[in-house]
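Got your viewer open? Load the model below and follow along, one selection at a time.

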Amino acid sequence: MKASLPLLAALSLLLLLPACKVGKATTVAGHEQRWDELPRADKMAYMVDVVEPQMREAFQAHDATRFAEFDCATCHGEGASDGGFAMPNPQLPHLREAGLFKEHRKAHPDMVKFMWKGVEVPMAEMLGKTAGGGGEFNCHSCHIVDDE
Ligand code: HEC
Ligand code: HEC
């Protein structure tokens, strides 16, 4: 386990590289359409039934105290109360992409690692999207990136 940590770190870094795309684009589980083509009511139901429960589990496993109150608003902010659910959500921390998000990796290494491996990749899979810098679903899907 110890010996594989640097390798894991290197692999996670790859997920951020612009050309590196993870997974393949598919239809959404239980649907014949891709996510972008789903009617809004189906997107809503899928968020309620699939995304929110799985992401709640992941965020709470990462930090049960900080994410004790996890719900739609954790990701959507005011979009959850005004019903717009627009993403990216400007109320999430704004990011700076320079040096593969270097300043964030320095300030919040565990959280950034969780964002790649525990949020970006599984959530892309749930939506049937490719993940990573060159993929359809990545940090930009949720966060505003100021220096893009
Ligand atoms: C882990 C973060 C996360 C959580 C929690 C979450 N969502 Fe989402 N939601 C997203 C992202 C990201 C998108 C945009 C996906 C895309 O288009 O690539 C989205 C899209 C949507 C959309 C479609 C918006 C549009 O204009 O197409 C609706 C509706 C929605 N979410 C409702 C909900 C509801 C209701 C909940 C709570 C039950 C919820 N979401 C919980 C991240 C989240
Ligand atoms: C599905 C939505 C989603 C995606 C994709 C996503 N994030 Fe996040 N991010 C969040 C949420 C939710 C939080 C927690 C906000 C809070 O504290 O309530 C967060 C928090 C953060 C923070 C704050 C760290 C801290 O401890 O304060 C950083 C930095 C961050 N994300 C970076 C990233 C990076 C880099 C990526 C891409 C690898 C990424 N995020 C992808 C939803 C997302």
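We'll visit two ligands and one loop residue in this predicted model.

**Stop one: ligand 1.** Select ligand 1 and bring up the residues around it. There are 19 of them, and the ones that come nearest are Met47, Met55, Cys72, Cys75 and Phe85. Now colour helix H2 (40–62): it gives the most to this shell, with eight residues. H3 also supplies at least two residues here. What kinds of residues make up the shell around ligand 1? Colour by type and you'll find 13 nonpolar, three polar and three charged.

**Stop two: ligand 2.** Hop over to ligand 2, which has 20 residues around it. Pick out His104, Met111, Met115, Cys139 and Cys142, since these come nearest. Helix H3 (72–76), helix H5 (98–107) and helix H6 (109–127) are the elements that each give two or more residues to this shell. Which helix has the largest share? That's H6, with seven residues. By type, the shell around ligand 2 has 13 nonpolar residues, six polar and one charged.

**Stop three: Leu92.** Select Leu92, in the loop between helix H4 (78–82) and H5. Leu92 counts as partly exposed because it has 16 C-beta neighbours inside 10 Å. Show its contacts beyond four places in sequence, and you get Gly77, Cys142 and His143. Cys142 should look familiar: it was among the residues that come nearest to ligand 2. Finally, draw a distance from the C-alpha atom of Leu92 to that of Thr74: these two are 18 residues apart along the chain, and their C-alpha atoms are separated by 8.5 Å.

Conventions. Residues are numbered from 1 along each chain as its sequence is written. Chains are lettered from A and ligands numbered from 1 in the order in which they are written. This is a predicted model: local features need pLDDT of at least 70, side-chain atom pairs count only at pLDDT 80 or more; totals for chains, interfaces and linings use all residues. A residue is near a molecule or strand if its C-beta atom, placed from the backbone, lies within 6 Å of it. Helices (H or I, at least four residues) and strands (E, at least two) are DSSP runs, numbered from the N terminus. Ala, Val, Leu, Ile, Met, Phe, Trp, Tyr, Cys and Pro count as nonpolar, Asp, Glu, Lys and Arg as charged, and the others, Gly among them, as polar. A residue is buried if 20 or more other C-beta atoms lie within 10 Å of its own, exposed if 12 or fewer, and partly exposed in between; C-beta atoms are placed from the backbone. Two residues are in contact if their C-beta atoms, placed from the backbone, lie within 7 Å.
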